[in-house]
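Open the model in your viewer and keep the sequence panel visible. The tour goes from one selection to the next.

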Amino acid sequence: MSIPTEPIGSLPRPRALQNALVEHAQGRLSTADLERLQNEAVADTLAMLEKLGSPVLVDGDQAKPDTITYPLQGLTTLAPDGVTIPYDDGHTRQLPRLTAGPFRYQVRADTYLRAAQRHTDRPIKQSVVAPSTLSLLYPSDSIAGYSREAFRRDIADESEAEIRACLEAGAHRVQLDFTEARLSLKLDPSGGLLDDFIALNNEVLGRFGPQERERLGAHTCPGADQDSTHSLDTDYAQLLPHLFRLQVGTFYLQLASEPDPERTLKIVSDALPHDVRVFVGVTDPIDLRVETPEEVRDRVLLAARYIPADRFGTCDDAGFAPYADDTSTSRDLAFAKIEARIRGTELASQALGL
């Protein structure tokens with residue numbers, strides 16, 4: 001396959017694991033038994049992706065509680081009343097609020113990567129939470145004895161350590177999950193919040209050399225939880241020129257669910273730096289209809305009209321289950337969409353003579 005294709009990250013958990021998470025939360029299942037089921041789900045996810053012919057694998061975030069708060073597991077200096085993220089269907093997700101410093105990751109993503117590597121020798125991409133996302137943990141007022149500036153320094157140091165650990169462990173690519181980028185423009189149309197987020201992320205990314213940054217990527221989407229988004233109504237034209245300032249070698253963009261994909265591709269063509277690659281979404285995780293390989297092919301061929309073939313790839317718009325309790329998409333449906341992406345990308349490569 002000449003056009004690269006990759007999954008984004010999260011996949012629905014098997015029913016047995018979903019049930020185990022509930023039982024563990026109620027104190028009726030041991031941590032050891034939960035971890036055994038999580039490990040089995042990781043092995044099954046990797047095996048399924050290999051069977052479908054995915055050139056790059058992910059563990060599907062099977063052992064993560066969600067894509068945001070996994071570094072916080074076991075952290076005791078948290079209150080439940082943090083920033084609330086509203087979705088268009090009316091449901092919300094709420095982040096915790098930090099109550100004291102210093103801030104330290106309790107779990108790093110390289111632990112998930114190393115666990116996955118025990119099941120395969122194929123390339124594995126590892127997603128990590130963006131430091132800008134975790135900056136939302138700090139309350140609007142101050143924390144006694146722990147300034148916002150000190151907190152941001154700690155976030156930057158912790159994020160750098162996590163990314164380095166993933167690179168050193170042999171990650172094919174480390175993907176920064178920057179899903180709040182588009183949401184920030186909905187919350188602050190002036191772009192000030194987005195600029196602040198990008199500055200913090202670049203504070204971390206700038207600590208890596210050019211060769212390392214070639215293995216770093218950033219993903220953005222308007223949210224994908226319980227078949228709903230939080231910022232699809234925010235114009236991509238406001239986001240992309242700012243987003244492309246991130247110091248990474250690869251971008252992963254939601255596109256399949258975009259109302260006018262061709263307009264977005266024109267914006268990408270005009271704003272994309274000359275030395276990076278962009279993966280465009282060709283399957284929509286919150287659409288219950290499975291795209292056909294031919295439909296995917298046509299989406300890829302449209303992208304090829306605006307982006308040189310050696311500078312783009314294909315992906316899913318977003319993860320299929322960024323929160324462990326999201327059962328809105330079945331596991332079988334997610335793998336069917338991934339198979340359509342892989343087959344459709346192959347068809348497009350053939351059509352382009354690559």
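Select Arg-305 first: in this predicted model its relative accessibility is 59%, so Arg-305 counts as exposed. Now add Glu-262, which is partly exposed at 26% relative accessible area. The two form a salt bridge, with 3.2 Å between the closest N and O atoms. This pair links distant parts of the chain, 43 residues apart: Arg-305 sits in the loop between helix H11 (293-304) and strand S11 (312-316), and Glu-262 in helix H10 (residues 261-271).

Next, select Glu-160 and Arg-207. Their closest N and O atoms are 2.7 Å apart, in a salt bridge. Glu-160 belongs to helix H5 (residues 148-168) and Arg-207 to the loop between helix H7 (192-205) and helix H8 (210-213), so the bridge ties together parts 47 residues apart in sequence. Glu-160 is buried, at 16% relative accessibility, whereas Arg-207 is partly exposed, at 26%.

Keep both selected and add Asp-157, Arg-164, Glu-203 and Glu-212: together with Glu-160 and Arg-207 they are linked in a network of salt bridges.

Move to helix H3 (residues 110-117), where Asp-110 and Arg-114 are four residues apart and therefore separated by about one helical turn. Their side chains meet in a salt bridge of 3.5 Å, N to O. Asp-110 is buried, with 5% relative accessible area; Arg-114 is partly exposed, with 41%.

Finally, show the whole protein chain. The structure holds 32 salt bridges. The chain has 12 helices and 11 strands, and 55% of its 354 residues count as buried.

Methods. Residues are numbered from 1 along each chain as its sequence is written. This is a predicted model: local features need pLDDT of at least 70, side-chain atom pairs count only at pLDDT 80 or more; totals for chains, interfaces and linings use all residues. Side-chain values use heavy atoms; hydrogens and water are left out. Helices (H or I, at least four residues) and strands (E, at least two) are DSSP runs, numbered from the N terminus. Buried means under 20% relative accessible area, exposed over 50%, partly exposed in between (1.4 Å probe, protein chains only). A salt bridge is a side-chain nitrogen of Lys or Arg within 4 Å of a carboxyl oxygen of Asp or Glu.
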